[in-house]
Amino acid sequence: MFHKTQNKESLKIFLARMKGPLLTWVEQFLDLLEPHLTPSTTLNDIGCNVGQFYKGLVEKKIKIDYRGFDIEPIYLAQAKKIFPSAKNNFQILDITKETPPAADISVVSATLEHLENFSPALDHILASTKKIIIARTYLGEKQERDIMLKEHSQYPYPMNQYSFLDIFRTFAKYNFEAKIVRDRYTDSLPYYVPFETVPGQGLVRTQYVIVGRKTK
Ligand SMILES: C[S@@+](CC[C@H](N)C(=O)[O-])C[C@H]1O[C@@H](n2cnc3c(N)ncnc32)[C@H](O)[C@@H]1O
């Protein structure tokens with residue numbers, strides 16, 4: 001389970017972020033999506049965590065048919081506590097094993113890179129998306145599979161990078177035209193991720209945003 005790959009600080013950090021300004025990725029996704037959103041739009045938020053994206057909808061007073069999915073009951077419980085009136089909108093789902101109900105739009109941020117592999121999770125997301133998908137993950141010329149161990153956690157945390165080619169091919173397989181855009185938070189510049197338990201070691205990752213539009 002995802003939470004076991006984290007440490008005690010992670011949940012505190014996720015919750016602290018809910019009290020601060022909207023996360024930059026949430027702002028970026030909403031700027032991209034806002035022209036396409038109406039009250040009848042259905043949107044799946046995969047890896048919804050404690051409700052960061054939903055908070056964006058609330059703060060910007062955007063009314064849509066939102067569903068947040070996450071594998072971790074501990075995060076979903078927090079999301080329901082923070083947004084009691086939307087408690088039925090947050091549901092448990094393992095995107096590596098299940099296809100969510102169909103939705104006009106799917107969003108997924110900082111989740112695909114922490115799965116063992118993006119397939120079949122990305123397939124499940126694409127298969128259930130009717131119009132637009134926005135995904136934010138680590139990309140590069142080549143696929144790179146790595147794990148790291150967070151301090152005080154016994155479970156390895158995947159830190160994968162997917163190749164541009166794999167992304168374009170997978171999106172095309174499901175009739176999506178994919179465009180890669182700059183991630184606003186990191187400016188899509190490479191950054192160093194130190195291994196918490198191995199001093200002096202770490203890896204480099206670059207975050208991108210992929211916007212996919214269904215063509216047929
Ligand atoms: C690093 S957090 C990202 C949270 C949020 N989307 C963001 O970008 O701020 C990754 C989230 O994906 C969830 N997750 C991990 N594996 C999953 C799976 N197989 N199915 C659904 N959610 C998963 C985790 O529980 C966690 O809430």
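UniProt, in an unreviewed entry, places the feature "domain: Methyltransferase type" at residues 45-128. Keep in mind as you explore that this is a predicted model. Over residues 45-128 the chain is 30% helix and 21% strand, and the C-alpha atoms at the two ends of that stretch are 12 Å apart. Here is a short tour of the rest, topic by topic.

**The chain as a whole**

- If you count the secondary structure elements, you will find six helices and twelve strands in the chain.
- The radius of gyration is 17 Å, close to the 17 Å that the globule rule gives for 216 residues, so the chain is as compact as a globular protein of that length.
- Along its principal axes, the C-alpha trace spans about 50 × 40 × 30 Å.
- Among contacts with a separation of 6 or more, 66% join residues that are 24 or more positions apart in the chain.

**The inside of the fold**

- Of the 216 residues in the chain, 31% are buried.
- In soluble globular proteins, nonpolar side chains tend to be buried together.
- In this model, the largest nonpolar core has 43 residues.
- The residues with the most contacts inside that core are Ala 79, Val 107, Leu 112, Ala 121, Ile 125, Ile 133 and Ile 134.
- Strand β5, which covers residues 129-140, gives this core its largest share, six residues.
- Val 107 is a good place to zoom in: leaving out residues up to four places away in sequence, Val 107 touches Phe 29, Leu 43, Asp 45, Phe 53 and Ile 134.

**Around the ligand**

- The ligand has 20 residues around it, and Phe 2, Gly 47, Asn 49, Ser 109 and Ala 110 come nearest.
- Sorted by class, this shell holds ten nonpolar, seven polar and three charged residues.

**A closer look at Arg 184**

- You can find Arg 184 in the loop between β9 (176-182) and β10 (191-194).
- Arg 184 has 16 other C-beta atoms within 10 Å; a residue counts as buried with 20 or more and as exposed with 12 or fewer, so Arg 184 is partly exposed.
- Leaving aside neighbours within four places in sequence, Arg 184 is in contact with Thr 24 and Gln 28.
- Arg 136 is 48 residues away from Arg 184 along the chain, and the C-alpha atoms of these two residues are separated by 10 Å.

Definitions and conventions
Residues numbered from 1 in each chain as written. Predicted model: local features only at pLDDT ≥ 70, side-chain atom pairs only at ≥ 80, totals over all residues. Near = placed C-beta within 6 Å. Nonpolar A, V, L, I, M, F, W, Y, C, P; charged D, E, K, R; others polar. Helix = DSSP H or I, 4+ residues; strand = E, 2+ residues; numbered from the N terminus. Contact = placed C-beta atoms within 7 Å. Rg over C-alpha atoms; globule rule 2.2 N^0.38 Å. Core = buried A, V, L, I, M, F, W, Y, C linked by C-beta atoms within 7 Å. UniProt positions renumbered as here; feature names shortened; annotations may be inferred.
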